[in-house]
Amino acid sequence: MTVRYTYRCAACSHHGQVHLDDDSHEGEHTACSACGATATLEWVGGATLHRAAPTVETLMAAAFMPGRDPRSAEYKEGVRAGLTMRIDGRQMVVPYTLGTAQCDAYLAGCEEGKAIWRERTAISSGSLARRDNYTDA
Ligand SMILES: [Zn+2]
């Protein structure tokens, strides 16, 4: 498997990424690809790239890693629904009354779930550059 790490170069602010073969390299140093200064690797939690298809659970865990601002239960439920729609091809019934705050949070979460899936699909197919051309079909 390949694990993706990111780093932010303190010298030139370059934001780079490195792929290594396992998840034990967090906190190690690498040379900034832009200026050669030493930068510290950060593991992108949940962004382990391997052949197995991502599951709703792994994507949820990555989306709501510790450190993120808390989200409401409805929002998280929406993200889960958005991911489930994309991964399982299932259509979800909105469990809230349209126009309520819970429904808005749910639908916003749903959009994030779909966005996570689009991004993941772009990464795994090696077509990151085309990400912006995706339409929400
Ligand atoms: Zn640099």
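## How far to trust the model

The protein chain has a mean pLDDT of 83, and 82% of its residues reach 70 or more. Keep in mind that this is a predicted model, with a confidence score attached to each residue.

One stretch calls for some care. Over residues 127-137, pLDDT stays under 50. The model has nine contacts beyond four places in sequence for that stretch. Where pLDDT is low, the predicted coordinates should not be read in detail.

## The overall layout

Let's walk along the chain. There are five strands and three helices in the protein chain, and reading along the sequence gives the pattern β-β-β-β-β-α-α-α. In other words, the five strands precede the helices in that pattern.

How much of the chain is buried? Of its 137 residues, 16% count that way. As for contacts between residues at least 6 apart in sequence, 50% of them join residues at least 24 apart.

## Two helices packed together

Two packed helices are described by the angle between their axes and the distance between the axes. Here the pair is α1, covering residues 56-63, and α2, covering residues 73-88. Their axes lie 10 Å apart, and the packing angle is about 140 degrees. That angle makes α1 oblique to α2, because angles over 145 degrees would be needed to count as roughly antiparallel. The crossing of α1 past α2 is right-handed.

Which residues make the contact? From α1 come Val56, Leu59, Met60 and Ala63, while α2 supplies Val79, Arg80, Leu83, Thr84 and Ile87. Sorted by character, the residues of this contact are seven nonpolar, one polar and one charged.

## A buried glycine in α2

Helix α2 is also home to Gly78. Is Gly78 buried or exposed? It is buried, since 29 other C-beta atoms lie within 10 Å, and 20 or more are enough to count as buried.

Some of the surroundings of Gly78 come from further along the chain. Gly78 and Ala105 are 27 residues apart along the chain, yet their C-alpha atoms are separated by 7.3 Å. Setting aside neighbours within four places in sequence, Gly78 is in contact with Ala105, Tyr106, Leu107, Ala108, Gly109, Cys110 and Gly113.

## Around strand β2

Strand β2 spans residues 15-20, and Gly16 is found in it. With 16 other C-beta atoms within 10 Å, Gly16 is partly exposed. Leaving out neighbours within four places in sequence, its contacts are Thr6, Tyr7, Cys9, Cys32 and Ser33. Gly16 and Ala39 are 23 residues apart in sequence, and 9.5 Å separates them in space, C-alpha to C-alpha.

Now for the loops on either side. Ser13 sits in the loop between β1 (3-8) and β2. Ser13 has a positive phi of about 70 degrees, although it is not a glycine. Ser13 is exposed, with 10 other C-beta atoms within 10 Å.

Glu28 has its place in the loop between β2 and β3, the latter being residues 29-31. Why does Glu28 count as exposed? Because it has 12 C-beta neighbours inside 10 Å, and 12 or fewer is the cut-off for exposed. Glu28 and Thr40 are twelve residues apart along the chain, with their C-alpha atoms separated by 5.7 Å.

Definitions and conventions
Residues are numbered from 1 along each chain as its sequence is written. This is a predicted model: local features need pLDDT of at least 70, side-chain atom pairs count only at pLDDT 80 or more; totals for chains, interfaces and linings use all residues. Axes are lines fitted to C-alpha atoms, for helices over the stretch in contact, and angles run from 0 to 180 degrees between N-to-C directions. Helices (H or I, at least four residues) and strands (E, at least two) are DSSP runs, numbered from the N terminus. Angles under 35 degrees count as roughly parallel, over 145 as roughly antiparallel, 65 to 115 as roughly perpendicular and the rest as oblique. A crossing is left-handed if the near helix is turned anticlockwise from the far one by less than a right angle, and right-handed if clockwise. Two residues are in contact if their C-beta atoms, placed from the backbone, lie within 7 Å. Ala, Val, Leu, Ile, Met, Phe, Trp, Tyr, Cys and Pro count as nonpolar, Asp, Glu, Lys and Arg as charged, and the others, Gly among them, as polar. pLDDT is the predictor's confidence in each residue, from 0 to 100.
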